[in-house]
Amino acid sequence: MSSVQMMTGVNLFSCLFTSISLIEQGSFFENIDFMLRYPAFMLHSSILSITSATGQLFIYYTISQFGPVTFIIIMTIRMALAILLSCFIYGHTVGMLGVLGIIVVFISLFGKIYLGQRFKKAQARLQSASQTAVPGTKV
């Protein structure tokens, strides 16, 4: 099953369960009426759906090409930058505990990246040493 098929299935079941829930609550037709009375709402909902689906495709692509750890790093950095921009643009404050949390997260991220690079270099050195070793000797 491809990622697009999975995404389609999840979204179809989500629509189905939401529709059933709205019918059960008796507000399904009220919501349809609201959408028909306000076409701008339908336009905005459609744009939101398209951008959300596009975002999901980028998520699946990133995970398949670079792995889940890289995706987590990207998302963590994105969230930290969003918090930082929120502080600058809207004047939100971050307490000392929040600053400590941000520092811990970034130290963890950069430590993971640094240690991952060192591990790859060490593996490459071991592999090149084993290929150039004389047969019958230990490396």
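**Exercise 1. Helix α4 and its surroundings**

Task: Determine which elements the buried residues of α4 pack against, which residues of α4 are buried, and why the end-to-end distance of α4 agrees with its residue count.

Solution.
1. In this predicted model, the buried residues of α4 make their packing against α3 (39–66) and α5.
2. These buried residues are F71, I73 and A80; the criterion for burial is a relative accessible area under 20%.
3. The helix α4 has 23 residues, and at 1.5 Å a residue these should span 33 Å. The end C-alpha atoms of α4 lie 32 Å apart, which agrees with that expectation.
4. After α4 comes G91, which has a positive phi, near 75°.

**Exercise 2. Helix α1**

Task: Compare the expected span of α1 with the separation of its end C-alpha atoms, and state which residue with a positive phi comes just after α1.

Solution.
1. The expected span follows from multiplying 1.5 Å by one less than the number of residues. For the 23 residues of α1 the result is 33 Å.
2. The end C-alpha atoms of α1 are 33 Å apart, so the two values agree.
3. The residue just after α1 is G26, with a positive phi of about 80°.

**Exercise 3. The largest pocket**

Task: Describe the volume of the largest pocket, its lining residues, the elements that supply them and their chemical classes.

Solution.
1. The volume of the largest pocket is about 300 Å³.
2. Its lining is formed by N11, S14, C15, T18, S19, L22, F28, N31, M35 and S49.
3. Two elements, α1 (3–25) and α2 (28–37), each supply at least two of the lining residues. The greatest contribution comes from α1, with six residues.
4. By class, the lining of the largest pocket holds six polar residues, four nonpolar residues and no charged ones.

**Exercise 4. The second largest pocket and I113**

Task: Carry out the corresponding analysis for the second largest pocket, then decide whether I113 is buried, partly exposed or exposed.

Solution.
1. The second largest pocket contains about 230 Å³ of space.
2. The residues V69, T70, I73, I74, K112, I113, G116, Q117 and K120 line the second largest pocket. Two or more of its lining residues come from each of α4 (68–90) and α5 (96–132).
3. With five residues, α5 gives the most to this lining.
4. The lining of the second largest pocket divides into four nonpolar, three polar and two charged residues.
5. One of the lining residues, I113, is placed in helix α5. Its relative accessibility is 37%, so I113 counts as partly exposed.
6. I113 and L84 are 29 residues apart along the chain, and their C-alpha atoms are separated by 21 Å.

**Exercise 5. Annotated segments and V99**

Task: State which residues UniProt lists as "transmembrane region", examine the helix content over residues 41–63 and 70–91, and classify V99 by its accessibility.

Solution.
1. The unreviewed UniProt entry lists residues 41–63, 70–91 and 97–115 under "transmembrane region".
2. Over residues 41–63, the chain is 100% helix and 0% strand, with the end C-alpha atoms 33 Å apart.
3. Over residues 70–91, the chain is 95% helix and 0% strand, and the end C-alpha atoms are 31 Å apart.
4. V99 lies in helix α5. Because its relative accessibility is 32%, V99 counts as partly exposed.
5. From V99 to R125 the separation is 26 residues in sequence and 39 Å in space, taken C-alpha to C-alpha.

Technical notes
Residues numbered from 1 in each chain as written. Predicted model: local features only at pLDDT ≥ 70, side-chain atom pairs only at ≥ 80, totals over all residues. Heavy atoms only, no water. 1 Å grid on protein atoms, 1.4 Å probe; cavity = no way out; pocket = protein on both sides within 12 Å on 5 of 7 lines; lining within 4 Å. Points joined across faces, edges and corners; volume = space filled by probe spheres on them. Helix = DSSP H or I, 4+ residues; strand = E, 2+ residues; numbered from the N terminus. Nonpolar A, V, L, I, M, F, W, Y, C, P; charged D, E, K, R; others polar. Buried < 20%, exposed > 50% of the residue type's maximum accessible area, 1.4 Å probe, protein only. Contact = heavy atoms within 4.5 Å. UniProt positions renumbered as here; feature names shortened; annotations may be inferred.
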